[in-house]
Every structure is written in C-alpha cells, then in structure tokens.
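Here is a short tour for anyone who likes to check a model by eye. Keep the viewer open and follow along, one section at a time.

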Amino acid sequence: MNLFDAPLRPLRLRRLRSPLLLTAVAVAALLSGCAAVGPDYARPPLDLPLAYKENAGWKPATPQLIDASQPWWEVYHDATLNALMAQANRANQNIQQSEAVYREAQAIAAAARANFFPTLGANAGATRARTNSSGAVKLGDDYSLGLSASWEPDVWGSVRRAVEAGDAGTQASAADLAGARLSIQSTLAQDYMQVRALDLQKKLYAASIDAYAKSLALTQHQYAAGVVLRSDVALAQSQLAQAQAQAVDLQAQRTQLEHAIAVLTGQSPSRFTLAALDDQGTAQMAVPVVPPGLPSTLLERRPDIAGAEQRMRAANANIGVAQAAFYPQIMLSASGGFSSATIGALFNTPSRIFSLGAALAQTIFDGGLRRAHSDQAIATYDASVAQYKQTVLAGFQQVEDNLATLRLLDEEAAYQAKAVEASQLSERLALSQYRAGTATYLGVVTAQNLSLTNQRTAAQLRGRQLVASVALIAATGGGWNATDLATSSPSSSSTASKTPARAGS
C-alpha cells in the first residue's frame, strides 16, 4: 500500500510532500552510489609461453611485415583477389547475419541501460456512471487528466551489473562479427589460392598432353615404318588418355571451388566465372612470410578470444544481478493531475490531485528460486572461463600448426624443386635415346610420368604454402585488435574499407 494513500487535508499534504520526497530521493541516490553486489571482473590467470616453439626453428633472413593500415590480403598483390574480397565484405550473407546479431546485442544493452531512468506515463479518461448507494440512485460524470512516474533506484547494483553484462555482450557480438568477417575472408583466400594452384596444374597438364600427343604421333610413324612394336603405340595412347582424364578431374575440382567462391561473395554460382590467370600473373603469387608476434599479443589480436573473454565478463556481471535479488527493492512513485465531474471545472484548483509514495519489498520465501538463479549464474561463469581458456589454447595450437606447416613445406619445396629438375633431365634423355633406337618406349613413358608427377607435386606444394600462409594470418587475427571493439558499429563493419580485418601488428 502507498504510504501516502491515507486522506490528508490539502494544506498538510503540501507541507509534507517536499521533505518526505526529497528525503526518499536523497536516500535512494546515496544508496545507489554504493558498490554493486557481486564480484568485479578480473581476467583469469593464464600460463602463456614466452615464444612460439615452431617459430624458433624457422627464422627467415628477411621477414615481410604486413602494413597494418591495409587489408591483409593485399600482401599477395593480386587484383582479382582484392576485388573478390571487396565483394565478399559487401554481400556475404554470413557477415550480414553477424551484423544483425551485433545490432541486436546493442539493443539489448540499451534496454538494460534504460532501467537507470524513471518511467513516466500520462493518462486521460472520461466516465459516466450510475450508482446506487443506500437506495439513492445517482447518475454522474467524471473527467480526469494526469501524469505518473515511478522509479526503482539501483540500490544494490542490479541495473549496473545488467548494463555491464549487456555492454560485454555487445562487445562479444562485435568480436563475433569481426571473427565472422575474418573467417569468410580467410576461407575465400584459401579457396582462391587452391584455384590458382589448380590453374598451375592445368597449364602443366595442357603442356604434357601436347607433348604426349607428339610422342603418340612419333610412335605411330615408327610403327608404320616397322621400327617399333604395336605395344609402343598402345602405351603412348594410354599415356595420353590418362593425362586427359586427369586434366578433366582438375577441372572438376576447380569448378567446385569456383562455386564456393561465388557463394562466399554473395553471388549465384550459375552467374559467376573466375577466369584463369596467365603465366605471368600466376608466377607473381608469392608466399608472404608473416611474423606471428609474441604469444601474449594473441589474446588481443584474435576476435574469437576477445569474444570469449567478453562472454566471460558478461557471465561475471550476471552473478551480481542474481545476487541482488536477495536484497529488498525500493520503489518511488508520484502522480498528479486533475479530476472533476465537469470538463469546465477540470483545471480548477480544487480539482487538482496528486500522490507521492515509497514502497519497500522483500521476498521472504521463494522455495530456493533465488539461490538456484545464483548457482546457475556462477556455473555459467565457470563454464565461460573454461571456454575462454580452451579458445586461447586452440588459438596457440593453430599458430603453432601453421608455423610448423610453413616451415616444413618450405623444406619440402626445396627438395621437390631438385626432384623436378632431375626428372625433367631424365625425360629429355629417355626421349632422345628412344629416337636414337637405344631405349624402349617404356623407358620414355616412365620418365615422362615421373616428370609430370614431380611437377604436379611442386604445383600442389605451392598451393599448400599459399593456403598455410593465409591460415597463419587468420590464426594471428588478421591484423585485428581488441581495441577495435570500442569503435565498432554495424555501419562500419559492413565494408572492409572502414573496419577491415588486417594482418600485421
């Protein structure tokens, strides 16, 4: 019941309302300034290594630093890749979905912050009623117009903790948006690198098919002249057909990757075609050397780690929200307006009405509901801590994996280059010996197949190196930094030109 609902004379009410209201507001404001209940957030301790293990065994003489002011994919110096990235940042549906979720998180945080302020309302009414009191029938009108306000001071910090949780949720969604963008960008870049590696292999097979066709013509002429056996012709035909079949398989792989790129860029696969690069353009695709930085910086450079920490911060704040339910609630209310039996007298002084009130409410028994909510909030926080630590460990694993992959692929490519050189020499010698009649065609086929296999392996290694370099850039955050969360917004996150995910520190 409102403490001021008892009827009082107008003069007496006017004398009491100011001191009582001011006292209630002052006390509520004083209590609202107290520390909020629940634990304050602190990042849990982590046992971070001083350096990456795999980086110690791979120290290039001239590492290539990526300009942090530019989108990270520009380090590959490929205009087609740059255009595809711009299209993906603009039209990819997964990025659009993450952007909408981010805006939703902003709205949730704004709703929590609105509880800091009082609720204001207005009302107007007109009634005509017939009453019967002690046999006396009365027909009358009543008109009213008024304003009302209510406010629950944040005495125990429940609203402050809810706002803290909402802000942390917004930051987590912003990190998710950056992570989604980086994931789309890295997937697009890796698919593109695989397409270009397939283009290299297709060019290799095109040259091999041309050479095999000439070898077939040579064996056919020699067979017609009675120099070689029919089996040599059949062997040459088999070799040519096998190469043609493998070339078709390469085209099938490229087509599927092309379709994937179309979807990543928000386009229909039926309307998208990725032209093959010429020899000069393909040769310009160099594998960049990306310094991974220090392990401690990974906590600030990976969006998924930052998002996991913000979720942990939100879960910590929700503990305070749950614990604030154990304390009493204070509600201040006020209303005022006019009420009269006639419209003409509605705004006269005797028609004025008002009421001031303060209410204190405390739950005595709830069957353990508040305790269950508090235990749930603590368990949620513990789960978020474990998830955060697991995300950090997974991040370190990805960096170490890609450092090791790049180091070992670099060694493998050096050996493979020697194998290609030796097999090409063997192919030339075997063909010369066959033409001179000092070797069988089986030796030619063996040498040619070995040369083709070695060259294809070299092209595949080139593609794997490019893919691994993209994976390392993504594993180290793509140049993103947790400080970007403070300035991120839905409008700026929709295009890479404003808030791109970049590589470099």
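## Overall make-up

The protein chain holds 12 helices and 4 strands. Please keep in mind that this is a predicted model. Of the 505 residues in the protein chain, 39% are buried.

How do the contacts spread along the sequence? Taking contacts between residues at least 6 apart in sequence, 82% join residues at least 24 apart.

## A helix pair to look at

Helix 10 covers residues 369–435 and helix 11 covers residues 441–475; the two pack with their axes 7 Å apart, at an angle of about 160 degrees. Angles over 145 degrees count as roughly antiparallel, and helix 10 and helix 11 are therefore roughly antiparallel to each other.

What is the handedness of the crossing of helix 10 and helix 11? The crossing is left-handed. On the chemical side, the residues in the contact of helix 10 with helix 11 comprise 20 nonpolar, 15 polar and 4 charged.

## Arg302, a residue in a loop

Arg302 sits in the loop between helix 8 (298–301) and helix 9 (303–324). Is Arg302 buried or exposed? Its relative accessibility is 4%, so Arg302 counts as buried; the cut-off for buried is under 20%.

Which residues surround Arg302? Beyond neighbours within four places in sequence, Arg302 is in contact with Gly395, Gln398, Ala475, Thr476, Gly477 and Trp480. With Gln398 there is a polar contact, side chain to side chain, at 2.9 Å. Gln398 falls within the residue range of helix 10 (369–435), so you can trace this contact back to the helix pair above by following Arg302 to Gln398.

## Gln220 in helix 5

Gln220 belongs to helix 5 (residues 158–224). With a relative accessibility of 34%, Gln220 counts as partly exposed.

Arg230 is 10 residues from Gln220 along the chain, and the C-alpha atoms of the two are separated by 8.5 Å. Once residues up to four places away in sequence are set aside, Gln220 touches Val233 and Gln237.

## His77 and its backbone angle

Most residues other than glycine have a negative phi. His77 has a positive phi, near 55 degrees, and is a residue other than glycine. If you are scanning backbone angles, you will find His77 in the loop between helix 2 (53–56) and helix 3 (79–91). At 59% relative accessibility, His77 counts as exposed.

Terms used
Residues numbered from 1 in each chain as written. Predicted model: local features only at pLDDT ≥ 70, side-chain atom pairs only at ≥ 80, totals over all residues. Heavy atoms only, no water. Axes fitted to C-alpha atoms, helices over the stretch in contact; angles between N-to-C directions. Parallel < 35°, antiparallel > 145°, perpendicular 65-115°, else oblique. Left-handed = near helix turned anticlockwise from the far one by under 90°. Nonpolar A, V, L, I, M, F, W, Y, C, P; charged D, E, K, R; others polar. Buried < 20%, exposed > 50% of the residue type's maximum accessible area, 1.4 Å probe, protein only. Polar contact = N/O pair within 3.5 Å; in protein donor to acceptor, adjacent residues only side chain to side chain. Contact = heavy atoms within 4.5 Å.
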